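Student: I would like to learn how to read helices, their faces and their packing from a set of coordinates. Could we work through an example together, step by step?

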Amino acid sequence: MTETPRTQLTLAQVEATARAVHAGQTDKAGRPYAEHLRAVAEGVRARGGDEEQIAAAWLHDAVEDEALSPEWLREAGLSSRTKDIVLAVTKRTGEPPEAYAARILATPGALLVKEADLAHNADPARLAVLDADTRKRLTEKYARMRVLLGLVR
């Protein structure tokens, strides 16, 4: 029995899917989550990422946030590389940061997506609207991940 090839999703369809499944979700500052997804996708594009990485950027939190299931991702009309990147940047419950960073580093293309994600998460303007304790905790968390990923200058 021959498997019928799936139609590949266009980047516009990936964006629309990501926006739809995260509709109503907000970030820690109460902003629409789609703003973060757009910023990460644009950050990947600005860093020279290709369409597969940009698609992964749009979907980078979808499985972790349970907005999409792992089964949906497995069956989606996306390249294996895009799926691998999404899974690489999906933090698992109870996973040590070192294991998470190692998986990102071992997956071709994932580091660029995570770098764009960290850059937006650590944006001083974005952090400034958070309470002091949350801002401090997140700043330390993002700095540690940058070290683990070798992104420290």
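**Reading helix α9 and its surroundings**

Tutor: Bear in mind that this is a predicted model. We can begin with the outward side of a helix: on the side of α9 away from its buried residues, Asp133, Lys136 and Val147 are exposed.

Student: Which residues of α9 are buried?

Tutor: Buried here means under 20% relative accessible area, and in α9 the residues that qualify are Thr134, Leu138, Tyr142 and Met145. Viewed down the axis of α9, these buried residues fall within an arc of 60°, so they line one face of the helix.

Student: What do the buried residues of α9 pack against?

Tutor: Their partners are three other helices, namely α6 (97–106), α7 (110–121) and α8 (124–128).

Student: How many residues does α9 have, and what span should they cover?

Tutor: The expected span rests on a rise of 1.5 Å a residue, which for the 17 residues of α9 (residues 132–148) gives 24 Å; because the C-alpha atoms at its ends are 24 Å apart, the expectation and the model agree.

Student: What is to be seen at the ends of α9?

Tutor: At the N-terminal end, Asp131 acts as a cap, with a side-chain oxygen 3.2 Å from the backbone nitrogen of Asp133. Just after the helix, Gly150 takes a positive phi of about 75°.

Student: How should I describe two helices that pack together?

Tutor: Two packed helices are described by the angle between their axes and by the distance between those axes. For α6 and α7, the angle is about 125° and the axes are 7 Å apart, which means that α6 is oblique to α7. Tyr100, Ile104 and Leu105 of α6 make this contact with Ala110, Leu111 and Lys114 of α7.

Student: Turning to single residues, is Leu127 buried or exposed?

Tutor: Leu127, which is found in helix α8, counts as buried because its relative accessibility is 8%. Leaving aside residues up to four places away in sequence, Leu127 touches Asn121, Ala122, Arg135, Leu138, Thr139 and Tyr142, and among these Leu138 and Tyr142 are buried residues of α9. A separation in sequence can also be set beside one in space: Leu127 and Ala29 are 98 residues apart along the chain, while their C-alpha atoms are 8.2 Å apart.

Student: Where does Asn121 lie, and which residues does it touch?

Tutor: Asn121 has its place in helix α7 and is buried, with a relative accessible area of 13%. With residues up to four places away in sequence again left out, Asn121 touches His36, Arg126, Leu127 and Tyr142, and His36 is one of the buried residues of α2.

Student: What covers the buried residues of α2?

Tutor: The cover includes α1 (11–21), α3 (51–59), α7 and α8, and the buried residues themselves are Tyr33, Ala34, His36, Leu37, Ala39, Val40, Ala41, Gly43 and Val44. The length of α2 can be read as before: its 14 residues reach 20 Å from the first C-alpha to the last, close to the 20 Å expected at 1.5 Å a residue.

Student: Is Ala46, in helix α2, buried or exposed?

Tutor: Ala46 is exposed, because its relative accessible area is 71%, and the cut-off for that class is over 50%. The C-alpha atoms of Ala46 and Lys114 are separated by 14 Å, the two residues being 68 residues apart along the chain. Following α2 comes Gly48, whose phi is positive, near 90°.

Methods
Residues numbered from 1 in each chain as written. Predicted model: local features only at pLDDT ≥ 70, side-chain atom pairs only at ≥ 80, totals over all residues. Heavy atoms only, no water. Helix = DSSP H or I, 4+ residues; strand = E, 2+ residues; numbered from the N terminus. Expected span 1.5 Å × (residues − 1). Buried < 20%, exposed > 50% of the residue type's maximum accessible area, 1.4 Å probe, protein only. Arc of directions from axis to C-beta. Contact = heavy atoms within 4.5 Å. Polar contact = N/O pair within 3.5 Å; in protein donor to acceptor, adjacent residues only side chain to side chain. Axes fitted to C-alpha atoms, helices over the stretch in contact; angles between N-to-C directions. Parallel < 35°, antiparallel > 145°, perpendicular 65-115°, else oblique.
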